[in-house]
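Open your viewer, switch on a cartoon view, and keep the selection box handy. We will hop from one stop to the next, and at each stop you will hear what to select and what is there.

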Amino acid sequence: MFMKLVIAPDQDTACAHVADMLYTCCAQNPAAVLGLATGRTMERVYGHLVRRIHDRPVNLAGCTTFNLDEYCGPVARTAQSYRAYMQHHLFRHLDILPTQTHLPPGDTDDVTAACARYETAIRAAGGIDLQLLGIGHTGHIGFNEPLSSFASRTRRVRLAPATRAQNAEMFGDCPDDVPQHALTVGVGTILETRRAVLLATGPGKAAIIARVTEGAISPMTSASALHFHPDCTFVLDEDAAMDLSDECRWMAEFILPRH
Ligand code: F6R
């Protein structure tokens, strides 16, 4: 058992490959429970997934989704929220009931109770079958910033300055306007998922991917906890894979472009 590496020649092929994994999970299991992520990287994945489902429909009536994270405060009810992102890029295109799609309730008054309820809801749904992950420049998965315990559960976190800078685009390119806090599922929650796929594309992710894949396993780099996951695949494009050693690339599966 070891972490699987899939290297695609370009961003679009990597995203289409991950969309296929999500599609297959839903097609094979009408009661699939998906863990979903937001961010720039996932936009193209959801585009491919929507086209697949329109071309070859699958019944999503029994499917449930849980997102990784949501900003805290009134922003969780606005167009800058992750709920709005999911609605725009995925949910409005699918035949899935809003009650089957879950995000941590960033606008809650009782954070502790709401986070505990989120964990309970995931367990009540039977646990997550396939967890989709991006990676931030701090090495976060979800919003598990450096020093997140590998046993952490859904909770309120303070976002690192690098993350607020990374996400400033949705806030008029002003990092100070990005919310300071978010709710995120924990590293421990992610490690309990049955299967995880982390997608990274572009040269900006090359250094953190090399650190997570070949460097020390440390809470300073939350994604390094995925070495403890029983079934984890990293899907990378060549740009994100460019800092990997030859030994590491030797272990990878290479896939062909889709044209
Ligand atoms: C978002 C999330 C984050 C992002 C990561 C990468 O729900 O969980 O971990 O996946 O910050 O974001 P992008 O794709 O914008 O580089």
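**Stop 1: two loops**

Select Asp-173, in the loop between helix 5 and strand 8 (181-184) of this predicted model. Its phi is near 60 degrees, a positive value in a residue that is not glycine. Is Asp-173 buried or exposed? Asp-173 has a relative accessible area of 61%, over the 50% cut-off, so it counts as exposed.

Now select Leu-147, in the loop that connects strand 6 (130-133) and strand 7 (155-158). Leu-147 is also a residue other than glycine with a positive phi, here near 80 degrees. Its relative accessible area is 65%, so Leu-147 is exposed.

**Stop 2: helix 5**

Go to helix 5, residues 161-166, and pick Thr-163. With 0% relative accessibility, Thr-163 is buried. Show its surroundings as sticks: beyond residues up to four places away in sequence, Thr-163 touches Thr-138, His-140, Phe-143 and Glu-145. Keep His-140 selected, since it is one of the residues that come nearest to the ligand.

**Stop 3: the ligand**

Centre the view on the ligand. Which of the 14 residues around it come nearest? They are Thr-38, Thr-41, Asp-69, His-140 and Lys-205.

Next, check three distances to oxygen atoms of the ligand:

- Thr-38 places a polar side-chain atom 2.8 Å from a ligand oxygen.
- Arg-40 has a polar backbone atom 2.8 Å from a ligand oxygen.
- Gln-166 has a polar side-chain atom 3.0 Å from a ligand oxygen.

How much of the ligand's accessible area does the protein cover? On its own the ligand has 410 Å² of accessible area, and the protein covers 94% of that.

While you are here, select Gly-39, in the loop between strand 2 and helix 2 (40-55). Gly-39 is partly exposed, at 27% relative accessible area. Draw a line from its C-alpha atom to that of Gln-166: these two residues are 127 apart along the chain, yet the distance reads 9.8 Å.

**Stop 4: the sheet**

Zoom out and colour the strands. An open sheet of 8 strands runs in the order 5-3-2-6-9-10-1-11, with parallel pairing. Which strands stand at the edges? They are strand 5 (101-102) and strand 11 (253-254); each has a single partner strand, so one side of each lacks a neighbour in the sheet.

Now walk across part of the sheet. Strand 2 (residues 33-36) and strand 3 run parallel and are joined by 4 bridges. Select Gly-35 to find its bridge partner in strand 3, Phe-66. In strand 6, Gly-35 stands opposite Gln-131; strands 2 and 6 are parallel too, with 2 bridges between them. Carry on from Gln-131 to its bridge partner in strand 9, Ala-196. Strands 6 and 9 are joined by 3 bridges and run parallel.

Then jump to strand 1 (residues 4-8), which runs parallel to strand 10 (residues 232-237) with 5 bridges between them. Ile-7 is a good residue to click here, as its bridge partner in strand 10 is Leu-236.

Turn on side chains next. In a regular strand, side chains alternate between the two faces of the sheet. In strand 3 (residues 64-67), Thr-64 and Phe-66 point one way while Thr-65 and Asn-67 point the other, and all are buried. Strand 6 has Leu-130 and Leu-132 pointing one way, Gln-131 and Leu-133 the other, and all of these are buried as well.

**Stop 5: the core**

Select Leu-198, Leu-226 and Phe-234, the residues with the most contacts inside the largest nonpolar core, a set of 78 residues. Helix 1 (residues 11-28) gives the most to this core, with 9 residues. Leaving out neighbours within four places in sequence, Leu-198 is in contact with several residues, among them Leu-133, Ile-135, Ile-209, Leu-226 and Phe-234.

**Stop 6: Thr-201**

Finish at Thr-201, in the loop between strand 9 (196-200) and helix 7 (206-214). Is this loop residue buried or exposed? Thr-201 has a relative accessible area of 11%, so it is buried. Setting aside residues up to four places away in sequence, Thr-201 touches Gln-11, Ala-14, Thr-41, Asp-237 and Ala-240. For a last distance, pick Ala-114: it is 87 residues from Thr-201 in sequence and 33 Å away in space, C-alpha to C-alpha.

Technical notes:
Residues numbered from 1 in each chain as written. Predicted model: local features only at pLDDT ≥ 70, side-chain atom pairs only at ≥ 80, totals over all residues. Heavy atoms only, no water. Core = buried A, V, L, I, M, F, W, Y, C linked by side-chain atoms within 4.5 Å. Buried < 20%, exposed > 50% of the residue type's maximum accessible area, 1.4 Å probe, protein only. Contact = heavy atoms within 4.5 Å. Near = heavy atom within 4 Å. Polar contact = N/O pair within 3.5 Å; in protein donor to acceptor, adjacent residues only side chain to side chain. Areas by Shrake-Rupley, 256 points an atom, 1.4 Å probe, with all protein chains shown as cover. Pairing = 2+ DSSP bridges.
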